[in-house]
Amino acid sequence: MEIQSERLILREYVKEDWETVHLYGSIPEFSQYEMWGPNTEEDTKNFIADAMIKASISPRFEYELAVCLKEKNLQIGGCGIRRDSESSYVANLGWAIHPQFQNKGFATEAAAALIQVGFQQLNLAVIYATCDTRNIASFKVMEKLGMQRVGKLQGNRRIEGKILDSYRYEILPKSE
Ligand SMILES: CC(C)(COP(=O)(O)OP(=O)(O)OC[C@H]1O[C@@H](n2cnc3c(N)ncnc32)[C@H](O)[C@@H]1OP(=O)(O)O)[C@@H](O)C(=O)NCCC(=O)NCCS
């Protein structure tokens, strides 16, 4: 799959992407609110390998895509849309952008393109996203996308022994 937006290309990962993914995946603060990272080189290589396996499964139900700047052909982040199961019409969205490129609207632009594909091509009924309640940047993205906060998931995750809360946001297809 390849998706183009105004400034971005969302494309399949290739093996060589591990180096640019690792630039942010290895930063401890980058993953302070998430289960993903901080990565060793092996973790990042496994992440890419896993994304490539997901791309080869048929019928495909999980899409992990590299976010690249159109202008420079530079990989600056990642995003994903994953059905809850092969037959589900409910899917989860996720995003990550290298700190150097944050707060420029790139996560929102990438996710908006995924939402469009999710409703128009994958025929989804609901798209949702979750984030740590302290991850303001992430729930700002959800709000900018027009997603609605539908609940707080109390203690749904544990990172390094700490029990943490998340917000869940959802968006439905526009009614005709
Ligand atoms: C979450 C993340 C992907 C957002 O990427 P991004 O490209 O910077 O997102 P956008 O620029 O589209 O939007 C971010 C918004 O949050 C706002 N924001 C960021 N930090 C903020 C803070 N501490 N307080 C208030 N607003 C904040 C920005 O100002 C921007 O809003 P605006 O456009 O109204 O100014 C990025 O911060 C990231 O990669 N974080 C680390 C990984 C992560 O946590 N992923 C999410 C997992 S749920």
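In what order do the eight strands of the open sheet stand? The views below are of a predicted model, in which local features need pLDDT of at least 70, side-chain atom pairs count only at pLDDT 80 or more, and totals for chains, interfaces and linings use all residues. Residues are numbered from 1 along each chain as its sequence is written.

**View 1. The open sheet and its edges.** The eight strands (DSSP E runs of at least two residues, numbered from the N terminus) follow the order β1-β2-β3-β4-β5-β6-β8-β7, with mixed pairing, where two strands pair if DSSP finds at least two bridges between them. β1 (3–4) and β7 (148–159) stand at the edges with a single partner strand each, so one side of each lacks a neighbour in the sheet.

**View 2. The pairing of β2 with β3.** Strand β2 (residues 8–12) runs antiparallel to strand β3 (residues 62–69), and the two are joined over five bridges. Within β2, I9 stands opposite C68 of β3.

**View 3. The buried face of helix α1.** In α1 (residues 18–25), a helix being a DSSP run of H or I of at least four residues, the buried residues are W18, V21, Y24 and G25, buried meaning that 20 or more other C-beta atoms, placed from the backbone, lie within 10 Å of a residue's own. Seen down the axis of α1, these residues fall within an arc of 130° (taken from the directions from the helix axis to the C-beta atoms), so they line one face of the helix.

**View 4. The shell around the ligand.** α4 (136–144) supplies five residues, the largest share of the shell.

Definitions and conventions: Buried ≥ 20, exposed ≤ 12 C-beta atoms within 10 Å, placed from the backbone.
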